[in-house]
Structures are given as structure tokens and as C-alpha cells.
Amino acid sequence: MSTLSIILLCVLAVLIGVFIYLLITGKKKQKKQQEQMDEMAKTAQTINLFIIDMKKMHMKEAGLPKIVVDSTPRLAKLSKVPILKVKAGNRVMSLICDADCFKTLLPKQEVKAKVSGIYVLSAKYVRGPKYEPAKDPKRKRTDKWLDKLR
């Protein structure tokens, strides 16, 4: 065998090893995430919320409690998360929203939401402006940043 084929076999073996490692760790993390989502669903409460403002911003800028910001991992602090500024009863608070739920909400809208701690799991429209997805079947996403790129 030539040296080139030996090197290619070694690189292939390393790539297969990395792929298997990523598969195993990915399954473990997916299982852990599913357990956490199940636990949050068990402790969720239904609350009427009036959405004052909604933005994607860094956790430090969002006005979340200091304990929440301190307990998040460093990489999560750097990423932007969907934040809702809502009025629940007579209290104004900031909540973290699920990404899928965030796309269907609008400001100045009253919703009935399932909330677990400071995390909004889902929301149903009650009154206010109504969300209407794009009618063009070719455009599936209606993100503003994507429209700016076009």
C-alpha cells in the first residue's frame, strides 16, 4: 500500500470516529432536552397576558432577573433570545418565549399563554391584531432580516 492510501484510511477512520461520537452525544442531549420539556409542561400554568413589546435581544439587556442571567451558560448569554415584555394582571414583566410561539405573536395582542416560570411555552390568540402568515406558497419564512437581504 502506498503512503497516500494509508493516510486516507487514517483520516477516514478519524472521521468515522468523530461521527459516531457526535451521534452518541447528540442522542443523549436530545433525550435530556425532551425530559426538560416534559418537566416544564407539567409545571406550566395558563395565564392571560397582554403583549406590550417583543424583541430578540441578549439576556443581559432583557431585564431578566439576575439569577437567571448568572445561571445561563456563557455561550447562551452571547446569543439573542426572543423576549416578550408583557402585562399580567397589574404586573409588567419580561418573559423568554419559545421560538415557534414567538413567530405567531404580535405586539398589542392579548393572549392566553402557558407559562412555566419565565418561559412561555405556547400562546393562543384572545384579542388584538391577528397574525396572518404569508400567502405566497413559495415564501415559507417571513423574517424581516431575510427580507432585507433580498
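These legends accompany close-up views of a predicted model.

**View 1. A nonpolar patch on the surface.** Seen here are L9, L12, I16, F19, I20, L23 and I24, which together form a nonpolar patch. Their combined accessible area is about 650 Å². One of these residues, L12, sits in helix 1, which spans residues 3-42. L12 has a relative accessible area of 46%. That value makes L12 partly exposed, because it falls between the 20% limit for buried and the 50% limit for exposed.

**View 2. The second largest pocket.** This pocket holds about 540 Å³ of space. Its lining is made of 13 residues, and the closest to the pocket centre are Q33, Q36, M37, M40 and Y119. Helix 1 gives the most to this lining, with seven residues. The lining of the second largest pocket is mixed in class: six residues are nonpolar, five are polar and two are charged.

**View 3. The salt bridge between K55 and D53.** The structure holds three salt bridges, and this view shows the one that joins K55 to D53. The closest N and O atoms of the pair lie 3.8 Å apart. That distance counts as a salt bridge because the cut-off is 4 Å. Both partners are partly exposed: K55 has a relative accessible area of 43%, and D53 has one of 29%.

**View 4. The salt bridge between D70 and K66 in helix 2.** The side chains of D70 and K66 meet at an N to O distance of 3.2 Å. Helix 2 covers residues 66-71. Within helix 2, D70 and K66 are four residues apart, so about one helical turn separates them. Their accessibility classes are not alike. D70 is partly exposed, at 48% relative accessibility. K66 is exposed, at 63%. The two classes follow because the limit for exposed is over 50% relative accessible area.

**View 5. The salt bridge between E110 and R127.** Here the closest N and O atoms of E110 and R127 are 2.8 Å apart. E110 belongs to strand 4 (residues 109-116) and R127 to strand 5 (residues 119-127), so this pair ties together parts that are 17 residues apart in sequence. E110 is partly exposed, with a relative accessible area of 22%. E110 does not count as buried, because that class requires under 20%.

Definitions and conventions
Residues are numbered from 1 along each chain as its sequence is written. This is a predicted model: local features need pLDDT of at least 70, side-chain atom pairs count only at pLDDT 80 or more; totals for chains, interfaces and linings use all residues. Side-chain values use heavy atoms; hydrogens and water are left out. Patches are made of residues with over 30% relative accessible area and no salt bridge: like charges are joined within 9 Å, nonpolar side chains (Val, Leu, Ile, Met, Phe, Trp, Tyr) within 5 Å. Accessible areas come from the Shrake-Rupley method with a 1.4 Å probe; for residues, only the protein chains shown count as cover. Helices (H or I, at least four residues) and strands (E, at least two) are DSSP runs, numbered from the N terminus. Buried means under 20% relative accessible area, exposed over 50%, partly exposed in between (1.4 Å probe, protein chains only). On a 1 Å grid over the protein atoms alone, a cavity is a set of points where a 1.4 Å probe fits but cannot get out, and a pocket is an open set with protein on both sides within 12 Å along at least five of seven lines; lining residues have an atom within 4 Å of a point. Grid points are joined across faces, edges and corners, and a volume is the space filled by probe spheres set on the points. Ala, Val, Leu, Ile, Met, Phe, Trp, Tyr, Cys and Pro count as nonpolar, Asp, Glu, Lys and Arg as charged, and the others, Gly among them, as polar.
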